[in-house]
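The following exercises ask the reader to work from the sequence and the coordinates to a reasoned description. Each task is followed by a solution in steps.

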Amino acid sequence: MRIEEVASTTKAQRVATHTHIKGLGLQEDGTAVPMSAGFVGQEQAREACGVVVDMIRQKKMAGRALLLTGAPGTGKTALALGIAQELGTKVRIAGLRIKENKEVYEGEVTELTPEYTEGQGGSYGKVVSHVIIGLKTVKGAKQLKLDPTIYDSLQKEKVSPGDVIYIEASSGAVKRVGRCDAYATEFDLEAEEYVPLPKVCARMHKPRQCVAELVPGVLFVDEVHMLDIECFTYLNRALESALAPIVIFATNRGLCSIRGTDMVSPHGLPVDLLDRLVIIRTLPYTPQEMVQILALRAQVESIGIDEESLAFLGEVGDRTSLRHGVQLLTPSMMLARTNGRDEISRGDLDEVDSLFHDAKFSARLLAEQADKYIS
Ligand SMILES: Nc1ncnc2c1ncn2[C@@H]1O[C@H](COP(=O)(O)OP(=O)(O)OP(=O)(O)O)[C@@H](O)[C@H]1O
Ligand SMILES: [Mg+2]
């Protein structure tokens, strides 16, 4: 017998923007550790998010919404992910099972009489106008006058007197449960299931299997200023429904117009929605914090970089944005490798910094040279 080893097909994990974020990095008492779980600084916002996590765990957050605000690259999306990681699989937010009671008529069929009317055009015969059905239970009997569509269902299920059936009141669906056991002795070649005469009267409620399973969870709407007034109207209502999810919004906008209107409002959100939110603000990073975050990113991306270069990249981040600083890591590493090195040096950064523009610089350039572009 030959046994072959199969090479693992699991690929190395892709390094994404927030791969280094593993949680909120809080202590038991809820205070933030300056550098923990991939998070650097931003202590106040992390602690506030920790309170939100506790509220969600204790199911005290439903119908409330949280808004993360702050400048671009200050960790709003990272915080939302941190919250998600803290909640992990532990969060079972009111797994709501909606069990609907369906109204059914159940009993043994004692009578099954279609009633006809003359069809249009006479000679084409008769049309079933309704069907009279008698249902017997231990408690008594009932006669029902049913729609012709139910007659079709009865025929499909091959219902005949002596069968126990139930008819769903709302949909008219017919189910043949079996043959009433009063006929168990009758000669029958076919395998037949005999069922007892239903106990209660024909009209009863029968619990239906789970019709829908609603598990309201945490809904994260990043860049919420991109939503328009119609979405906000919907969200406002949704937040007040009994099944409201926990909503986390994030935005980096200050005063701006609400999409789809010319109304100017804080964060581009209608004031009545703002009124329903608790707001957590993220603050800009100090150059040292930027350096720490950049070091973390270099580590997860397996990029070697010396202290001096890291400090310089911190300055670049401070001048431009943290994100831009992070983004320069990979091209700098490629440059270093091209030059036969395993570590980014200051020279690589200088070169890459001159090659790539950050958004602010580009915008300034556009403003200065507007006449050279098509607009
Ligand atoms: N305090 C922090 N510690 C560690 N990494 C951070 C921290 N803050 C931000 N980052 C990282 O920096 C990058 C930018 O942060 P993020 O995307 O969360 O910013 P943002 O506030 O959502 O910005 P935007 O408003 O542009 O969406 C991400 O890679 C993020 O993981
Ligand atoms: Mg973001």
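**Exercise 1. A strand and its partner**

Task: Determine whether strand 8 is enclosed or open to the surroundings, and describe how strand 8 pairs.

Solution. Strand 8 covers residues 163-168, and five of these six residues are buried, so strand 8 is largely enclosed by the rest of the structure. This reading, like those below, rests on a predicted model. The next step is to find the partner: strand 8 pairs with strand 9 (residues 174-180) in the antiparallel sense, over five bridges. Within this pair, Asp163 stands opposite Arg179 of strand 9. Finally, the connection is examined: five residues lie between the two strands of the hairpin, and Gly172 there has a positive phi near 80 degrees.

**Exercise 2. The length and surroundings of a helix**

Task: Check the length of helix 2 against the expected span, and identify what covers its buried residues.

Solution. Helix 2 comprises the 12 residues 76-87. The expected span is 1.5 Å times one less than the number of residues, which gives 16 Å for helix 2; the end C-alpha atoms are 17 Å apart, so the two values agree. Next, the buried positions are listed: Lys76, Ala78, Leu79, Ala80, Leu81, Gly82, Ile83 and Glu86. The elements that cover them include strand 2 (39-40), helix 1 (43-57), strand 3 (65-69), strand 13 (218-221) and strand 14 (246-251). The helix is followed by Gly88, which has a positive phi near 45 degrees.

**Exercise 3. The site of the ligand**

Task: Establish which domains give residues to the shell around ligand 1, and describe the composition of that shell.

Solution. The shell consists of 23 residues, of which Pro72, Gly75, Lys76, Thr77 and Asn252 are the closest to ligand 1. At the level of secondary structure, strand 2, helix 2, helix 6 (287-300) and helix 8 (322-338) each supply at least two residues. At the level of domains, both domain 1 (35-93 + 215-281) and domain 3 (287-363) contribute, so ligand 1 lies between them. By residue class, the shell contains nine nonpolar, 12 polar and two charged residues.

**Exercise 4. Positive phi outside glycine**

Task: Locate Glu223 and Ser302, and state for each whether it is buried, partly exposed or exposed.

Solution. The background is that most residues other than glycine have a negative phi. Glu223 nevertheless has a positive phi, near 50 degrees. Glu223 is found in the loop between strand 13 and helix 4 (229-240). It has 14 C-beta neighbours inside 10 Å and therefore counts as partly exposed. Ser302, also not a glycine, has a positive phi of about 50 degrees. Ser302 is placed in the loop between helix 6 and strand 18 (304-305). With 8 other C-beta atoms within 10 Å, Ser302 is exposed.

**Exercise 5. A loop residue and a distant partner**

Task: Decide whether Thr137 is buried or exposed, and relate Thr137 to Glu108.

Solution. Thr137 is found in the loop between strand 6 (126-136) and strand 7 (141-146). The cut-off for burial is 20 or more other C-beta atoms within 10 Å; Thr137 has 20 such neighbours, so it counts as buried. Thr137 and Glu108 are 29 residues apart in sequence, whereas their C-alpha atoms are 6.5 Å apart in space. For the protein chain as a whole, residues 24 or more positions apart account for 63% of the contacts with a separation of 6 or more.

Conventions. Residues numbered from 1 in each chain as written. Chains lettered and ligands numbered in written order. Predicted model: local features only at pLDDT ≥ 70, side-chain atom pairs only at ≥ 80, totals over all residues. Buried ≥ 20, exposed ≤ 12 C-beta atoms within 10 Å, placed from the backbone. Helix = DSSP H or I, 4+ residues; strand = E, 2+ residues; numbered from the N terminus. Pairing = 2+ DSSP bridges. Contact = placed C-beta atoms within 7 Å. Near = placed C-beta within 6 Å. Nonpolar A, V, L, I, M, F, W, Y, C, P; charged D, E, K, R; others polar. Domains from an automatic or database assignment.
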